[in-house]
Amino acid sequence: MPVVNDGADYLIEHPIPEIDTGRAETTSRRVFGIDGYASPLDSERDRNFLIESDQGAYALKFANPAEGADVLVLQAAALEHLARVDPDLPVPRNRTTVAGDLVGSTSIDGSDLPLRMVTFLPGSVVEQGESSEPLRRSISTTLARLGFALRGFFHPAAGRDLLWDLTHLLSLRSKLHYVPAAQRPVIEKWFDRFEREVASRLPSLRAQIIHNDFNPDNMLIDPENPDRVSGIIDFGDMVHAPLVIDLAVAAGYQILGQEDPVGIIAEMAAAYHVVLPLEPEEVDVLPILAICRLAQSLVIGEWRAHLHPDNTEYILNYHPPIWDTLQHIDGIGLAADGGAVREACGMPAVPTAQPGDLAPLLARRHLRLGSGMRLSYSEPLHLVAGEGVWLIDSEGRRYLDAYNNVPHVGHSHPKVTAAISRQTATLNTNTRYLVEQVVDYADRLVALFP
């Protein structure tokens with residue numbers, strides 16, 4: 001797993017810049033040409049203001065001094081990309097500076113502070129406890145659209161180390177002493193499970209730039225239609241990471257106070273899967289990732305509350321329901337495997353065979369296939385399933401497949417499986433007959449050669 005450098009800690013530890021409404025109004029007018037009235041907006045680590053003017057409403061964002069200007073460029077560039085690729089996505093639009101730049105700057109106490117401005121989207125945030133099945137479906141499909149739109153976008157600043165990135169979860173072990181002693185065993189249990197069952201799989205999952213913070217404070221709803229997401233805000237935690245983490249973050253906050261957490265995660269995965277198909281290896285780690293997001297939030301929150309007691313109310317807003325949910329999960333002994341999620345997404349379950357003596361199976365093989373069909377290993381692998389780059393034996397052990405017949409596309413590839421299924425359901429024959437698909441395939445194959 002990557003090692004987080006001191007810069008990631010510094011961003012969490014550095015206080016929010018001190019800027020009053022008068023300074024915000026002056027900066028808005030001078031840098032962005034917007035003359036309006038400023039009022040503060042909540043933020044974890046930046047200083048944000050609502051600017052209301054005759055030209056419309058805008059959000060003015062002064063970055064934390066520990067945040068580089070390149071990260072603000074990343075956020076602004078992502079919004080430009082989304083406006084081109086999916087203009088109907090309900091995201092803010094950039095307001096350029098009077099010089100035409102996406103990111104401006106201002107001098108605070110002798111230091112240049114980067115800042116940006118975006119349109120202020122109307123709507124209300126989702127209150128705690130207001131989760132509903134239609135809203136969760138809208139959250140999932142909206143997030144899938146966002147992921148689909150961002151898959152062609154890249155910016156080098158997305159490779160930064162950010163402790164809100166779940167791939168860096170284990171780096172937070174050194175901060176566990178900030179958590180109340182009674183809570184540590186539960187959190188450590190999920191850190192251990194992440195290390196044992198998820199960490200080694202993350203590098204093989206498809207990755208791209210993701211929003212990484214689709215919590216209820218960063219999604220808006222229309223009060224007239226509270227079951228539909230009407231806005232996506234705050235792209236401040238964007239990183240390049242496994243795509244499934246975006247869904248895990250969203251699902252983590254939606255299971256708060258729910259009796260059946262994995263059922264909620266499966267329901268959201270199924271809705272997401274309709275718009276942006278998930279892969280089996282993503283589904284298998286999704287429940288653990290969602291629960292680990294809650295553990296991550298508790299640790300970072302307690303740490304930040306210790307460092308910034310003046311912002312405790314905002315920082316610890318979700319901590320009571322998060323802790324209640326982690327206690328509930330611990331109390332019911334939740335398995336948190338991907339079985340229910342696979343079923344909800346219409347994926348085959350991972351076959352499980354009971355371990356035992358292989359002698360009977362070896363004898364049957366020799367009788368039916370003969371000695372000419374050799375096995376590759378003196379201790380045979382009894383394989384029961386394949387997923388992507390992995391082979392799985394009868395005892396559930398996973399083997400990285402760098403040798404078998406399909407490593408170039410992966411085992412059980414959903415597109416290949418679907419294509420084979422469609423064709424066999426229509427026609428399965430050979431080249432002795434005139435079949436158009438065979439000729440089409442030959443045309444495509446020949447086109448690859450000189």
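**Burial, nonpolar cores and salt bridges**

Of the 450 residues in the chain, 47% count as buried. The model is predicted. Its chain contains 14 helices and 14 strands, and the C-alpha atoms occupy a box of roughly 85 × 60 × 45 Å along the principal axes. Among contacts with a separation of 6 or more, 72% involve residues 24 or more positions apart. The exposed area of the chain is about 22600 Å², of which carbon and sulfur atoms supply 52%.

The largest nonpolar core comprises 93 residues, and L82, F194 and L289 touch the most other members. Helix α8 (residues 280–307) provides the largest share of this core, with 14 residues. Apart from this core lies another of 15 residues, including A24, I34, F49 and I51. With residues up to four places away in sequence not counted, L289 touches L166, F194, V198, V244, I245 and A248.

The chain carries 37 positive and 60 negative charges, and the mean positions of the two sets are 8 Å apart. Side chains of opposite charge can pair when their charged atoms come close. In the whole structure, 19 salt bridges were found.

One of these salt bridges links E133 and R137, with the closest N and O atoms 3.9 Å apart. Both residues belong to helix α4 (residues 133–150), and because they are four residues apart, about one helical turn separates them. E133 has a relative accessible area of 44% and is partly exposed; R137, with 41%, is also partly exposed.

A salt bridge between R173 and E195 has an N to O distance of 2.9 Å. R173 is located in the loop between α4 and α5 (184–198), whereas E195 is in helix α5, so the pair ties together parts that are 22 residues apart in sequence. The relative accessible area of R173 is 28%, which makes this residue partly exposed. E195 is likewise partly exposed, at 45% relative accessibility.

R196 and E197 also form a salt bridge, in which the closest N and O atoms are 3.5 Å apart. E197 is partly exposed, with a relative accessible area of 27%, whereas R196 is exposed, with a relative accessible area of 57%. Elsewhere, D284, R342, E387 and R398 are joined into one network by salt bridges that share partners.

Terms used. Residues are numbered from 1 along each chain as its sequence is written. This is a predicted model: local features need pLDDT of at least 70, side-chain atom pairs count only at pLDDT 80 or more; totals for chains, interfaces and linings use all residues. Side-chain values use heavy atoms; hydrogens and water are left out. A nonpolar core is a set of buried Ala, Val, Leu, Ile, Met, Phe, Trp, Tyr and Cys residues joined through side-chain atoms within 4.5 Å. Buried means under 20% relative accessible area, exposed over 50%, partly exposed in between (1.4 Å probe, protein chains only). Helices (H or I, at least four residues) and strands (E, at least two) are DSSP runs, numbered from the N terminus. Contact means heavy atoms within 4.5 Å. Accessible areas come from the Shrake-Rupley method with a 1.4 Å probe; for residues, only the protein chains shown count as cover. Lys and Arg count as positive and Asp and Glu as negative; His and the chain ends are not counted. The place of a charge is taken as NZ of Lys, CZ of Arg, CG of Asp or CD of Glu. A salt bridge is a side-chain nitrogen of Lys or Arg within 4 Å of a carboxyl oxygen of Asp or Glu.
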